[in-house]
Amino acid sequence: MCEMTEILEHAERFECVTCGHEWEKESEAAGARVVKDAFGTVLADGDSVTLIKDLKLRGGSQVLKGGTKVKSIRLVDGDHEISCKIEGSAMGLKACFVKKA
Ligand SMILES: [Zn+2]
(Lines give C-alpha, C1' and ligand atoms only; values in the text may rest on other atoms or scores of the structure.)
Protein backbone atom coordinates (compact mmCIF):
# COMPACT_ATOMS: atom_id res chain seq x y z
CA MET A 1 0.00 0.00 0.00
CA CYS A 2 1.25 3.43 -0.83
CA GLU A 3 0.58 6.28 1.50
CA MET A 4 -1.69 8.24 -0.78
CA THR A 5 -0.13 11.57 -0.04
CA GLU A 6 -1.24 12.95 -3.38
CA ILE A 7 -4.83 12.44 -4.38
CA LEU A 8 -6.54 13.67 -7.49
CA GLU A 9 -10.18 14.53 -7.10
CA HIS A 10 -12.47 13.82 -10.03
CA ALA A 11 -16.16 14.50 -10.27
CA GLU A 12 -17.21 11.15 -8.85
CA ARG A 13 -14.03 9.49 -7.70
CA PHE A 14 -10.62 9.97 -6.22
CA GLU A 15 -7.40 8.82 -7.79
CA CYS A 16 -4.10 8.17 -6.09
CA VAL A 17 -1.34 9.91 -8.03
CA THR A 18 1.30 7.54 -6.71
CA CYS A 19 -0.21 4.19 -7.70
CA GLY A 20 -3.16 5.13 -9.89
CA HIS A 21 -5.69 3.44 -7.63
CA GLU A 22 -9.17 4.91 -8.06
CA TRP A 23 -12.14 4.76 -5.78
CA GLU A 24 -15.63 6.13 -5.68
CA LYS A 25 -16.58 8.98 -3.41
CA GLU A 26 -18.73 6.66 -1.38
CA SER A 27 -18.62 8.57 1.85
CA GLU A 28 -19.85 11.70 0.14
CA ALA A 29 -22.59 9.92 -1.76
CA ALA A 30 -23.78 8.24 1.41
CA GLY A 31 -23.96 11.55 3.19
CA ALA A 32 -25.71 13.36 0.38
CA ARG A 33 -29.14 14.53 1.35
CA VAL A 34 -32.15 15.02 -0.80
CA VAL A 35 -33.58 18.44 -0.07
CA LYS A 36 -37.19 18.99 -1.03
CA ASP A 37 -39.24 22.15 -1.17
CA ALA A 38 -42.58 22.64 0.52
CA PHE A 39 -44.31 20.63 -2.18
CA GLY A 40 -41.87 17.75 -2.34
CA THR A 41 -39.94 18.89 -5.40
CA VAL A 42 -36.29 17.98 -5.16
CA LEU A 43 -34.00 21.01 -5.08
CA ALA A 44 -30.50 21.22 -6.49
CA ASP A 45 -27.63 23.68 -6.43
CA GLY A 46 -28.28 26.56 -8.80
CA ASP A 47 -32.07 26.30 -8.67
CA SER A 48 -34.27 29.33 -8.26
CA VAL A 49 -36.94 29.25 -5.60
CA THR A 50 -39.80 31.43 -4.42
CA LEU A 51 -40.68 32.05 -0.80
CA ILE A 52 -44.12 30.73 0.04
CA LYS A 53 -44.60 32.83 3.15
CA ASP A 54 -43.27 35.92 4.86
CA LEU A 55 -40.13 35.13 6.82
CA LYS A 56 -38.90 37.24 9.67
CA LEU A 57 -35.19 37.76 9.81
CA ARG A 58 -32.95 38.32 12.73
CA GLY A 59 -35.46 39.04 15.39
CA GLY A 60 -38.09 40.48 13.08
CA SER A 61 -36.44 43.74 12.12
CA GLN A 62 -36.51 42.67 8.49
CA VAL A 63 -39.10 40.63 6.68
CA LEU A 64 -38.70 38.65 3.50
CA LYS A 65 -41.99 38.76 1.69
CA GLY A 66 -43.67 35.66 0.45
CA GLY A 67 -43.26 35.53 -3.32
CA THR A 68 -39.69 36.81 -3.23
CA LYS A 69 -37.68 35.00 -5.87
CA VAL A 70 -34.28 33.69 -4.89
CA LYS A 71 -31.79 32.74 -7.59
CA SER A 72 -28.87 30.36 -7.57
CA ILE A 73 -29.44 28.60 -4.30
CA ARG A 74 -26.83 26.33 -2.81
CA LEU A 75 -27.68 23.32 -0.69
CA VAL A 76 -25.79 23.02 2.55
CA ASP A 77 -25.79 20.86 5.63
CA GLY A 78 -27.53 22.09 8.68
CA ASP A 79 -30.79 23.35 9.99
CA HIS A 80 -31.27 25.73 7.07
CA GLU A 81 -30.72 23.63 3.98
CA ILE A 82 -30.55 26.48 1.49
CA SER A 83 -27.74 28.99 1.32
CA CYS A 84 -28.45 31.97 -0.90
CA LYS A 85 -28.14 35.69 -1.36
CA ILE A 86 -31.10 37.97 -1.03
CA GLU A 87 -30.63 41.63 -1.77
CA GLY A 88 -26.91 41.15 -1.49
CA SER A 89 -26.97 39.48 1.91
CA ALA A 90 -26.03 35.86 2.43
CA MET A 91 -28.68 33.93 4.23
CA GLY A 92 -29.94 30.49 5.06
CA LEU A 93 -33.46 29.37 4.28
CA LYS A 94 -35.41 26.36 5.29
CA ALA A 95 -36.47 24.30 2.29
CA CYS A 96 -39.96 23.88 3.74
CA PHE A 97 -40.61 27.62 3.23
CA VAL A 98 -39.83 27.73 -0.48
CA LYS A 99 -41.02 26.27 -3.72
CA LYS A 100 -38.97 25.63 -6.79
CA ALA A 101 -39.46 28.47 -9.27
ZN1 LIG B 1 -1.71 4.82 -4.05
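What share of the contacts in the chain with a separation of 6 or more comes from residues 24 or more positions apart? I looked this up before anything else, keeping in mind that the model is predicted, and I found that such residues account for 38% of those contacts.

**Entry 1: the outline of the chain**

I next went through the secondary structure, where I counted one helix and 11 strands, and reading along the sequence I wrote down the pattern β-β-β-α-β-β-β-β-β-β-β-β. I then turned to the surface: the chain exposes about 7,000 Å², of which carbon and sulfur atoms supply 49%. Of the 101 residues in the chain, 25% are buried.

**Entry 2: the nonpolar core**

I noted a general point before looking inside, namely that nonpolar side chains tend to be buried together in soluble globular proteins. In this model the largest nonpolar core has 16 residues, and those with the most contacts inside it are Leu-43, Leu-64, Val-70, Ile-82, Cys-84 and Leu-93. I asked which elements give two or more residues to this core, and I found strand E4 (49-51), strand E5 (55-57), E9 and E10. The most is given by E9, with three residues.

I picked Val-70 from the core for a separate look and, leaving aside its neighbours within four places in sequence, I listed its contacts as Asp-47, Ser-48, Val-49, Leu-51, Cys-84, Lys-85, Ile-86 and Leu-93. Two of these, Cys-84 and Leu-93, are also among the residues with the most contacts inside the core.

**Entry 3: a sheet of three strands**

In which order do the strands of the open three-stranded sheet lie? I read the order as E7-E4-E11, with antiparallel pairing. The edge strands are E7 and strand E11 (98-100), each of which pairs on one side only. Between E4 and E11 I found antiparallel pairing over three bridges, and I saw that Leu-51 stands opposite Val-98 in E11.

I stayed with strand E4 to look at Thr-50, which is found there. Is Thr-50 buried or exposed? Its relative accessibility is 14%, so I entered Thr-50 as buried, since the cut-off for buried is under 20%. Leaving aside neighbours within four places in sequence, Thr-50 is in contact with Gly-67, Thr-68, Lys-69, Phe-97, Val-98, Lys-99 and Ala-101.

**Entry 4: the aromatic pair**

I searched the whole structure for aromatic pairs and found one. The rings of Phe-14 and Trp-23 have their centres 5.7 Å apart and their planes at 35°, so I wrote the pair down as tilted. I also checked how far each residue is covered: Phe-14, at 18% relative accessibility, counts as buried, whereas Trp-23, at 24%, counts as partly exposed.

**Entry 5: two positive phi values**

Finally I looked at two loop residues with a positive phi, starting with Ser-72, a residue other than glycine whose phi is near 50°. Ser-72 is found in the loop between strand E7 (69-70) and strand E8 (74-75), and its relative accessibility of 53% makes Ser-72 exposed.

Where does Glu-87 lie? I placed Glu-87 in the loop between strand E9 (82-86) and strand E10 (89-93). Its phi is likewise positive, near 50°, in a residue other than glycine, and at 71% relative accessibility Glu-87 counts as exposed.

Methods
Residues are numbered from 1 along each chain as its sequence is written. This is a predicted model: local features need pLDDT of at least 70, side-chain atom pairs count only at pLDDT 80 or more; totals for chains, interfaces and linings use all residues. Side-chain values use heavy atoms; hydrogens and water are left out. Helices (H or I, at least four residues) and strands (E, at least two) are DSSP runs, numbered from the N terminus. Buried means under 20% relative accessible area, exposed over 50%, partly exposed in between (1.4 Å probe, protein chains only). Contact means heavy atoms within 4.5 Å. Accessible areas come from the Shrake-Rupley method with a 1.4 Å probe; for residues, only the protein chains shown count as cover. A nonpolar core is a set of buried Ala, Val, Leu, Ile, Met, Phe, Trp, Tyr and Cys residues joined through side-chain atoms within 4.5 Å. Two strands pair if DSSP finds at least two bridges between them. Rings of Phe, Tyr and Trp (its six-membered ring) pair if their centres lie within 6.5 Å; planes under 30 degrees apart count as stacked, over 60 as edge-to-face and the rest as tilted.
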